[in-house]
Every structure is written in C-alpha cells, then in structure tokens.
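Colleague: Could you take me slowly through one part of this chain, the group of charged side chains that hold on to one another, and then show me what lies around it? I am still learning to read models, so please spell out each step.

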Amino acid sequence: MDTLRAISSLILLIISIINFTNAVPQWYNGTDGRRYLVEGEQKYNWFQAFHECARRNLQLVEIESRQKNEILIAILKPLFGNSHNLWIGAIDEYNGQKNYNRPFYWHSSGKRMTFSYWSDSNPDNDRNDEHCVHMWASKPNYKWNDHHCDWPRLGFICEDHYLQAECRKVSEKKITQITNVAETVVGEYYEQQEAQIDSLKKALDKIETEELHFKEQLNELLTQIEAETNTLLVKYRMEMNSMVDERNRVLHNTNLGLRSAIEVLTKKFSKKLETTKTDYRNILQE
C-alpha cells in the first residue's frame, strides 16, 4: 500500500513538473538564425499575448515571407502536430469593412502585410469585428485566420523586437564591414611586412655577397702585397749583398795596396837604416 502511495505521489510530482514546464514559454531557434518564444497554452487574448511579448522586450511574431513562415511551421509541427491556435502580430487597424482584401499591418513595425497565409474564405471579418490574426488549429498546416482580439484564448509566438533585430542586423553589418576592413588592413600590413622582410633579406644577402667579395679582394691584395714584398726583399737583399761584396772588394784591394806600400816603405827604411848604420860605424871608427 505504501509502495502504491509512493508511486502515485511520484506520478503526481512528474505531472506537476511537466505542467510547470509546459506553462513556461520556450525558446526555439529557427534555421534562419532567429529565435522564437512559443507559448502553446490557450489562455491569452491578442492584447494579453502582445503584453506577454512586450514585457520581455519582444514582439508578436511578424511573418514577412514564405521562407520565414515555413521555418516557423518546421518549429511548430514537432510541438503541436498539424496545427495549433497561436496569435501572431498582425491587425487590420480595426477596419470595419467586410472585405477579404482589406489591408493588414504588422503591429510593432507598422509595415503593411505583403505576405499572407490565409485559410480558405479568410480574412472574412466576421461580425465586422475580427481585426487580429492567428494561426488556426481548425485548419491544417498553421493557416491563418482573422479573429476577435479580446475574447478568444490562444497561445502566441514572440520574437526579438524589430528594432532590436534591425539594430542587430546593422551591428552585424558594421561588424562585418569593420572585420573586412580590419582583415584588409591586417592583410596589407602582413603583405608590406613580408615585402619589407624580403627586401631586408635581399639587402642582407647583398651585403653578405659584397662582404665575401671584399674579403676575396682583400686576400688577393694581401697575397699581392706579400708577393711584391718578398720580391722587393729579394731584390734589396741582392743589392745589399752586391754592395757588401763591392765594399769588401774595395777594402781588399785597399788592404793589398797598403801592404804593398808598407813593404816598399819597409824596404826603403831598411836600406836607409843600413846606410845610417854604416855611416855611424864609419864615424865611430875615425
């Protein structure tokens, strides 16, 4: 018995959680990059639905194109099946004409409706008091119907306010432009940097080549100077040796002449000395 009570309590808790979850509008992302807040619970007239969107800084959805309509249907079918009652953001500005072709406007942006997805025989302005537009559960594939704004209780679809969307679009455009300019500037900078680096490399290569050429010329000059120095040294050494030989020859000849002169003088002096000695002897003998 206690087990059955526990199971019953758990089931009630799960149902409460599911109901609470279902009671909260949910965000869904479309393939167009936009997001949509969907409230499926049938408890809002058009004005209340408008207020629920506005208090979240949103607007009732404006379906300006077939593409956007198909994107919304692709989001809604997995949630509600073939169709559901959901307010959208179009009104006829309380036009009292019983006219299927009367103009409708998107309330938040004020733009005239140019795309429509009416169900058969609509918008019929029943009792001349159907001024608001909703997706109709009575017709398949989320066809549209005009209805009284104040008393049917339906769900709704919100989206980002058109001004926010336009600001986002402008911001994205500016960001794209700035990004493109930045990429262009950065690209040009890198191109110039690469060109400068290439130019510097070429200049360095040229300097290196010229330095090698200068070293080769310097080595050749040093080799030439060394060779010429050795040649001059050999020449000067030969001239020096020649001068030394000449001096030695002159000295030798001078020495020979002096010896001959000394010998002559010695002979003369010896003869004179002998004569003198003879004279002294003769004087002494007298």
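## A network of charges and its surroundings

Modeller: Let us begin with glutamate 64, which is partly exposed, since its relative accessible area is 36%. Please keep in mind that this is a predicted model; the mean pLDDT of the chain is 88, and 92% of its residues reach 70 or more. Residues 8-21 call for caution, because the pLDDT is below 50 there, and beyond near neighbours in sequence this stretch has one contact in the model.

Glutamate 64 has a charged partner, arginine 34, and the closest N and O atoms of this salt bridge are 4.0 Å apart. The two residues come from distant parts of the chain, 30 residues apart: arginine 34 sits in the loop between strands S1 (26-29) and S2 (35-44), while glutamate 64 belongs to the loop between strand S3 (58-60) and helix H3. Arginine 34, like its partner, is partly exposed, with a relative accessible area of 37%.

A second salt bridge joins lysine 68 to glutamate 159, and here the closest N and O atoms are 2.7 Å apart. Because lysine 68 lies in helix H3 and glutamate 159 in strand S8, this pair ties together parts that are 91 residues apart in sequence. Is this pair buried or exposed? Both lysine 68 and glutamate 159 are buried, and for lysine 68 the relative accessible area is 4%, which puts it under the 20% that marks a buried residue. The two side chains also count as making a polar contact, at 2.7 Å.

We can now put the pieces together: Asp32, Arg34, Glu64, Lys68 and Glu159 are linked in a network of salt bridges. The structure as a whole holds 16 salt bridges. Lysine 68, placed in helix H3 (residues 66-80), also has contacts with residues outside the network: if its neighbours within four places in sequence are left aside, the residues in contact with it include Tyr36, Val61, Glu62 and Ile63, as well as Asp32, Arg34 and Glu159.

The strand that carries glutamate 159 leads us to the surroundings. Strand S8 (residues 154-160) runs parallel to strand S4 and is joined to it by two bridges; in one of these pairings, phenylalanine 156 of S8 is the bridge partner of tryptophan 87. S4 has other partners too. Three bridges join S4 to strand S6 (residues 132-135), and these two strands run antiparallel, with methionine 135 in S6 as the bridge partner of leucine 86. With strand S5 (residues 105-106), S4 pairs in the antiparallel sense over two bridges, and there tryptophan 106 is the bridge partner of alanine 90.

How many of the six residues of S4 are buried? Six of the six residues, 86-91, are buried, so the strand is largely enclosed by the rest of the structure. In a regular strand, side chains alternate between the two faces of the sheet. In S4 both faces are covered, for Leu86, Ile88 and Ala90 on one side are buried, and so are Trp87, Gly89 and Ile91 on the other.

Tyrosine 44, in strand S2, brings several of these elements together. At 10% relative accessibility it counts as buried, and, not counting residues up to four places away in sequence, tyrosine 44 touches among others Trp87, Leu154 and Phe156. Pro152 is another of its contacts, and although tyrosine 44 and proline 152 are 108 residues apart along the chain, their C-alpha atoms are separated by 7.4 Å.

For contrast, consider a salt bridge within a helix: lysine 215 and glutamate 211, whose closest N and O atoms are 3.9 Å apart. Since they are four residues apart in helix H4 (residues 162-285), about one helical turn separates them. Lysine 215, at 44% relative accessibility, counts as partly exposed, and glutamate 211 is partly exposed as well, at 41%. A UniProt record, an unreviewed entry, places a "coiled-coil region" at residues 190-217; in the model this span is 100% helix, and its end C-alpha atoms are 40 Å apart.

Terms used. Residues are numbered from 1 along each chain as its sequence is written. This is a predicted model: local features need pLDDT of at least 70, side-chain atom pairs count only at pLDDT 80 or more; totals for chains, interfaces and linings use all residues. Side-chain values use heavy atoms; hydrogens and water are left out. UniProt positions are given in the numbering used here, feature names are shortened, and annotations may be inferred rather than shown by experiment. pLDDT is the predictor's confidence in each residue, from 0 to 100. Contact means heavy atoms within 4.5 Å. Buried means under 20% relative accessible area, exposed over 50%, partly exposed in between (1.4 Å probe, protein chains only). A polar contact is a pair of N or O atoms within 3.5 Å; within protein, one must be able to donate a hydrogen and the other to accept it, and residues adjacent in sequence count only if both atoms are side-chain atoms. Two strands pair if DSSP finds at least two bridges between them. A salt bridge is a side-chain nitrogen of Lys or Arg within 4 Å of a carboxyl oxygen of Asp or Glu.
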